[in-house]
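This report considers a predicted model. The sequence and structure are shown first, followed by an account of the nonpolar cores, the domains, the ligand site and one proline.

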Amino acid sequence: MSLIVQKFGGTSVADPEKIRAAARRAIRAQKQGHRVVMVVSAMGKQTDELLRLASAVSEKPPAREMDMLLSTGEQTSVALVAMAIDDLGSKAVSLTGGQFGMKTDNSFSKARIRSIDTGRIEKLLEEGNIVVAAGFQGIDDDLNITTLGRGGSDTTAVALAAVLGADACEINTDVDGVYTTDPRLLPEARRVDVISYDEMLELASLGAGVMHSRSIEFAKKFGVPIHVRSSFSDRDGTMIVAQAESESSPVSGAALTKDEARITVLGVPDVPGMSQMIFSAIAERKVAVDMVVQNVGAEGKADVSFTVPGDELKLTLSALEAILKRIGATGLTHDADVSKVSVVGLGMASQKSVAARMFRALADAGVNIHMITTSEIKISALVPRDQAANALRAVHKAFGLHERPSDAKTWASIQADKSREADVEDVVTRLQNDALEALTLTGISIVGKQARVTLDGVPDHVGVAADMFEEIGRAGIFVDMIVQGYDGVDGSTSVSFTIDEDDLDAGVKVAQSICKTHSMRDVRGAAGITKLSVSGIGLRSHTQVGTVLFEQLANAKINVEMIATSELQVNVVIDSKRGDDAKKCLQSAFAEALG
Ligand code: ADP
Ligand code: ASP
Ligand code: MG
C-alpha cells in the first residue's frame, strides 16, 4: 500500500474551515488507497504571535523556553486537525515531534534532525489511522523540546517522507507551485512544472521562502521527489526533482533577500588565519554568512566584507566586536539598508556572459551594485534596499523568466521518468546512521592553471560592472568567479575575476582599457592560481564548513585570495604551488563527512 506525506503550511490551516478542508484532502487520499501522514504547521500567524508575546515579557528570552513556547503552535494545530478528521468520520491520531521520535541536536531554534523513529507512526498507520504529525519540532537527548528554525515544517515533512520511504511528499501551501520568483513580489512570475534540487536549494537559501532550504538538502540527499501545490485547488503544481526544467536556459529563477546587511571589517592584517578568526566567531553563533569579499588593500592590510541576514546583524556585530582587538583590525562598518538580488540556473555554468547580462539589466534600471559574488550556479548583487523590487523586476525580464523555455520539461514527462529514483539500498544505509542532517560532502577538487585580474579604484556608480563584463565578454574570455567589494579608499570598490591562465594577457589588456575609460586606479593580473572547491549539500547552512576550511588552510600557512560560497560549493582561490597541499589537508580534515 502506498504511503504519502502531506504537509499543510500555516495559511492552509489558518481557520476552522481550512482545517476541515485539509482534513478532507487527507481523508480523500486515504480513501484512494494510500496510507497518509500529515505534517502540519502552526495556524496562520500563530508563530509570529508567540514570538511577539515572548518579546513582550522578556528582552532576551532563554532559547530553551522559546522553543518550548513556539512548539505549542504546532501542538494546537495537530490536535485540531485530528479532531476534524474524527468529526468527518475517519480515524486520526495527532503526535508531537517528541511522540513520533524526532530526535534533534540541542541547538535551540536551529536544531538539526539526528534520527526519526518510525515505529510508532507505522503502527498507527497499520491500524488505519491518518497520522497527524507536528511540524518544526523535535526533542534533544535530554527530552528538551527543540525547533528547526522558521519554515521548518517543510523539513519535517521531507525527512518523514525519506525515513518512511513515502511514494510522494506533497507540500500543500498558499501558492500553486514554485514560481520563477516570488509571485507576491512580481505578478509576471511564471509557475514552473519542474525545478531541480540544486536550483531550489540555492533559491530557497537566497530568499525564495516557498520552501525551507534544509528540506531541499534532505530531498536531494535521499532522492525524495517533492510536489509543491495549492491547498485550495486540485491542480498539479511543481515537481522538485533532480532534473532542471530546461537544458538551454542559463537562468531558471531569481530571488530577493530583502533584509540583508553588509559588514566590513577594516584593516585586517593580510596574513593566513585572519579570515578564519572572523568567520569562526560568526559561525559559532550559527549565522550563515554570504557574499564574502576580501580585498587586499594598502600596507598589507585587507578589508573583509560579507553579508548576513538583517535580523542577525546585531548578533554578528557583537561577535566581531569581541575579537576586533585580537585580530588587529582597525574597525567595523555596516550597512543595514541593502538587499541581495540573485539569479540561479544550472545552465549558467557552461554559458558565457551571463553575469554581464544581469549587470546590464541592473544598470539600465538605474540600480547601483555595491557588491557582487558569483558561484557555479548563481550570481548575487547587493543593491540599495529602496531599489530592490526594481532590481528584481529588471533581472527577471532580462532573462525572459516570464516566458516558458521552448525545451521545458513538463510535469507529465517527469512523472513518466523513473530514472530519478534513488538507489534504495544506498538510501536505507544512509538513513540508518544517527545524523540525518549531518554534513555530506561529495568531493574536494582543485582546478589549476587559473589567473586572476583585479581592478582597484572602481567607481561605485551605476553601469560600471555592466560595461566591464560586456567588454570582457566581447573579447571572448570566459569568466569564472567574480567578486566586487569595498576597497577602503574613497568609497570606491575593487573587482576581481578569475579566468583561464591562457587568457591572462588578453584579460589584463581589456582590463587596462576599462581602467582608462572609467578612470580607475590600477589593474593587477596574477597567474599561477588554483581554485580549490569543497562540494556537498547545504554548505551554507552547515556553517562549520567555512570554519574548518579556513582553519586548515591557516594552519598550513596557505593564503586565501578569493572566496565564493554557495549551497553546493565553497570555493577558494589560492597559490597554485600550494594546491596539492591544500587538497590533502582538507581531505583529511573532512574525512568523516566525505564518507
Ligand atoms: P506555508 O505557510 O504554506 O509554509 P510559506 O508562506 O512559507 O507557506 O510559503 C509560500 C509563500 O512563498 C508564497 O505565498 C509566496 O509568496 C512565497 N514565495 C517566495 N518565493 C516563491 C517562489 N519562487 N515560488 C512560489 N512562492 C514563493
Ligand atoms: N510554524 C513555524 C513557522 O512559522 C514552522 C512552519 O510553519 O514551517 O516558522
Ligand atoms: Mg513555509
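The largest nonpolar core holds 54 residues, and among these L160 and I240 touch the most other members. A nonpolar core is here a set of buried Ala, Val, Leu, Ile, Met, Phe, Trp, Tyr and Cys residues joined through side-chain atoms within 4.5 Å; buried means under 20% relative accessible area, exposed over 50%, and partly exposed in between, with a 1.4 Å probe and protein chains only. Helix α5 (residues 153-164) gives the most to this core, contributing eight residues. Helices (H or I, at least four residues) and strands (E, at least two) are DSSP runs numbered from the N terminus. Because domain 1 (1-173) and domain 2 (252-400 + 439-591) both give residues to this core, it lies between them. The domain bounds come from an automatic or database domain assignment. The C-alpha centres of domain 1 and domain 2 are 38 Å apart.

Residues touched by I240 include V178, I195, Y197, M200 and I226, with residues up to four places away in sequence not counted; contact means heavy atoms within 4.5 Å. A second, separate core of 50 residues includes L256, F399, A466 and I472.

Ligand 1 is surrounded by 17 residues, of which the closest are T173, D174, Y179, D182 and R184; a residue is counted if one of its heavy atoms lies within 4 Å of the ligand. Polar contacts (pairs of N or O atoms within 3.5 Å) to ligand 1 include the following.

| Residue and atom | Partner in ligand 1 | Distance |
|---|---|---|
| K7, polar side-chain atom | oxygen atom | 3.0 Å |
| G10, polar backbone atom | oxygen atom | 3.1 Å |
| D174, polar side-chain atom | oxygen atom | 2.9 Å |

Taken alone, ligand 1 exposes 570 Å², and the protein buries 85% of that. Accessible areas come from the Shrake-Rupley method with a 1.4 Å probe; for residues, only the protein chains shown count as cover.

P459 is located in the loop between β19 (440-458) and α15 (464-474). With a relative accessibility of 19%, P459 counts as buried. Leaving aside neighbours within four places in sequence, P459 is in contact with V464, H518 and M520. The C-alpha atoms of P459 and D176 are separated by 44 Å, the two residues being 283 residues apart along the chain.

Residues are numbered from 1 along each chain as its sequence is written, while chains are lettered from A and ligands numbered from 1 in the order in which they are written. In this predicted model, local features need pLDDT of at least 70, side-chain atom pairs count only at pLDDT 80 or more, and totals for chains, interfaces and linings use all residues, while side-chain values use heavy atoms, with hydrogens and water left out.

Methods:
Polar contact = N/O pair within 3.5 Å; in protein donor to acceptor, adjacent residues only side chain to side chain.
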